[in-house]
Amino acid sequence: MTHTTSEESLYESLDRPIDQADEHEQKQTPSPKKTWKMWGLLLGGVLLLTGGTWFLLSLNKPPQPSKIASTSALSVDTLTVRSQSVANTLKLSGSIRPVEQATLSTRVMGRITQLSLESGDRFRKGDILTRIDVMDITAQTGQAQLGVAQAQAEVFRSQASLNQLESQKLEAQSALRLAQVTQSRMSRLQAEGAVSQSVLDDANTALEQARARVAQSEAGIRQSQAAIAQTQAAVSRAELSVISSDVSESYGTIFAPFDGVVVQKLAYEGEMAAPGTPLLKVENPNKLELEISVPEENLRFVRVGQSVKVQFDAVNQSLSATIQQIVPASNAQSRSFLVKIPLTNSGKLISGMFGRIALPIGATKETLLIPTTALIQRGQLQGVYVLETAGEKTIAPLIAMMRWVKTGKTQDGQVEIVSGLKAGDRIVTSNIAQLSDGQAVTAR
């Protein structure tokens, strides 16, 4: 029995349907050339698929010892992964904020005549930072001072009139006493028949006139005293107007409230400033604090007076600090509480920098730690090179094989391995960038 089909038999099989078919079928049946072309395309696709599969399998196939031996091995440092006991901590982060900060503005309207400071400029407490043109207020102050002088002059005039009325009252009182003595004597003499009734009547009239003059003098004194009180009130009002004008005039000069630095310049010389218009944002860079939002479920691990170590990655600096305040009100949206930690600035820290702390929250735990420098980052994936032997024999060459891992917390240059490695694995820690998966290496 033979399975080989000759070219002649093949043509016969192809020609037979054409001879027996009717004219309509002949139009729809492909020609021998088209059939051969279809078979050729099908065969080429099968060969291409087979070759691609073989190529992919060859890429994933571990390198053979003979090939590894022929490749120059790269010398690398290695580390055997061991299980370690680490403290279970709660990591919290926040931002640096200034304790003293202000947005300076004016309470008067006027043109800015002095504002030479720029962002980053430093100043001392009491320095003049800005001046506003307050000529209108200065004129009002002059008018108020003139009003004080006029009111004081009126007080002097009223006082002089009062003194005169008091002198007149003294004279009237003296005349009244004399009239009383005369009337008493005349009344006694008239009773004895020594004087006539008309003389007594004259004495009585003189007494009534003296009493009237005394009463008139007292009324004039009361009026003068009331006038003095009014003028003194006018003086007080004028003095208050002067004080108010002086205060308003002082708003034209803005002094530094503390030692600090200009964070942002919001206005320039020559512009018009209205009451409440912000001119400068300033803060004290020597008084800083770290503000951290602590979730309510972790608030039990934080207490006032607790010592913490604060890490600032931007300046590679660590500081020992103490929690000073826990704001007794939570954020309604994040359900967190604000914790404030004062900082001793070394000159490197700047407002807005990121800082973090770690608080112990329980017993230690066993975990695998490796240096962060041994990690390979490929997009969102992380991996390490693990040493394996190229064959079953212990003397076989070592190769570096890529293994993807899942990492956890990072601290002090080491990263926690959650999965992907086990205790006893030997990983590569140097020349990571020069390695490729399956490359031969020698361990130093």
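In the protein chain, residues 24 or more positions apart account for 73% of the contacts with a separation of 6 or more, a contact being heavy atoms within 4.5 Å. The model is predicted, so local features need pLDDT of at least 70 and side-chain atom pairs count only at pLDDT 80 or more, while totals for chains, interfaces and linings use all residues. Residues are numbered from 1 along each chain as its sequence is written, and side-chain values use heavy atoms, without hydrogens and water.

**Exercise 1. State which strands stand at the edges of the open sheet of 7 strands, and why one side of each lacks a neighbour.**

Step 1. Strands are DSSP runs of E with at least two residues, numbered from the N terminus; two strands pair if DSSP finds at least two bridges between them.

Step 2. The order in the sheet is β15-β14-β18-β4-β13-β17-β16, with antiparallel pairing.

Step 3. β15 (317-322) and β16 (325-330) are the edge strands; each has a single partner strand, so one side of each is left without a neighbour in the sheet.

Step 4. Within the sheet, β4 (residues 89-98) and β13 (residues 288-295) pair over 5 bridges. One residue of β4 to examine is R97, whose bridge partner in β13 is E289.

**Exercise 2. Determine whether N284 is buried or exposed, and describe its surroundings.**

Step 1. N284 is located in the loop between β12 (278-283) and β13.

Step 2. Buried means under 20% relative accessible area, exposed over 50%, and partly exposed in between (1.4 Å probe, protein chains only). The relative accessibility of N284 is 5%, so N284 counts as buried.

Step 3. A polar atom of the N284 side chain lies 3.4 Å from the backbone oxygen of D259. For the backbone nitrogen of N286, the distance to a polar atom of this side chain is 3.0 Å.

Step 4. Not counting residues up to four places away in sequence, N284 touches P98, E100, F258, D259 and G260.

**Exercise 3. Identify which residues of the largest nonpolar core touch the most other members.**

Step 1. A nonpolar core is a set of buried Ala, Val, Leu, Ile, Met, Phe, Trp, Tyr and Cys residues joined through side-chain atoms within 4.5 Å.

Step 2. The largest core has 22 residues, of which I341, L349 and I357 touch the most other members. β13 gives the most to this core, with 4 residues.

Step 3. Leaving aside neighbours within four places in sequence, the contacts of I341 include L290, I292, V308 and I357.

Step 4. Apart from this core lies another, of 18 residues, among them L129, A267, A273 and L279.

Conventions: A polar contact is a pair of N or O atoms within 3.5 Å; within protein, one must be able to donate a hydrogen and the other to accept it, and residues adjacent in sequence count only if both atoms are side-chain atoms.
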